[in-house]
Amino acid sequence: MGTLLSEDTYRRTFYKPDREYADGVGIERNAGEQDHSWLQAALSAYLFRRRKLWEIEAYVGPRHFIRPGRYMIPDVCVIRAPRPAEKVFDKPPLIWIEILSPEDRPIRVNEKIRELREFGVPNIWVIDPETFEAEVHTPEGSTAVADGILRAAGTAIEVPLGELDRD
């Protein structure tokens with residue numbers, strides 16, 4: 001599952017691919033396949049090009065300090081502008097995006113969503129890179145994305161999944 005290490009060692013160590021951290025254990029992340037990588041790049045590019053319009057910043061895979069002993073890493077995240085000074089984020093992003101990998105299991109994904117909600121993330125997007133099926137999780141609940149457009153509640157942010165390769 002993971003390697004035992006101190007929180008200080010985790011913070012000072014570079015892993016490739018990066019690992020999450022939970023109470024003394026370094027947790028390997030599912031690296032994903034070609035469609036996962038493509039969707040990660042397409043989403044981040046789409047959001048990045050609209051950062052001034054939406055007053056946001058988009059990041060791929062930054063570490064987030066969730067609580068003492070817990071660090072998590074999104075596939076993509078969106079924060080409100082301006083860019084923060086800290087190297088490891090310690091505040092909930094506006095949007096946390098998880099792109100599913102073949103190895104992902106529903107119980108682990110649901111546990112991650114629970115932790116992110118407790119951390120205060122207002123918009124969690126979970127996307128299947130093969131089918132573009134998606135769910136949006138907010139403090140109000142979870143819903144499947146029926147029209148193929150990801151939205152962040154309370155913002156003008158809309159991401160039409162089916163148009164990412166035409167943008």
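**His137 and helix 4**

His137 sits in strand 10 of this predicted model. The histidine is tucked away from the surface: because its relative accessibility is just 5%, and buried means under 20%, His137 counts as buried. Its side chain has a polar partner, too, with the side chains of His137 and Glu135 making a polar contact at 3.1 Å. Leaving aside residues up to four places away in sequence, His137 touches Ile113, Arg117, Pro122, Asn123, Ile124, Val126 and Ser142.

One of those contacts, Ile113, leads to helix 4, where Ile113 is among the buried residues. Helix 4 runs over residues 106-119, which makes 14 residues. From its first C-alpha to its last, the helix reaches 20 Å, close to the 20 Å expected at 1.5 Å a residue. Alongside Ile113, the buried residues here are Val109, Lys112, Glu115, Leu116 and Phe119. Looking down the axis of helix 4, these buried residues fall within an arc of 165°, so they line one face of the helix.

What do the buried residues of helix 4 pack against? Their partners are strands: strand 2 (19-22), strand 5 (64-67), strand 6 (70-72), strand 8 (95-99), strand 9 (123-127) and strand 10 (134-138). Strand 10 is also where His137 is found.

Flip to the face of helix 4 turned away from the buried side, and the picture changes: Pro106, Ile107 and Glu118 are exposed there. Just after the helix comes Gly120, which takes a positive phi of about 105°.

How values were computed
Residues numbered from 1 in each chain as written. Predicted model: local features only at pLDDT ≥ 70, side-chain atom pairs only at ≥ 80, totals over all residues. Heavy atoms only, no water. Helix = DSSP H or I, 4+ residues; strand = E, 2+ residues; numbered from the N terminus. Expected span 1.5 Å × (residues − 1). Buried < 20%, exposed > 50% of the residue type's maximum accessible area, 1.4 Å probe, protein only. Arc of directions from axis to C-beta. Contact = heavy atoms within 4.5 Å. Polar contact = N/O pair within 3.5 Å; in protein donor to acceptor, adjacent residues only side chain to side chain.
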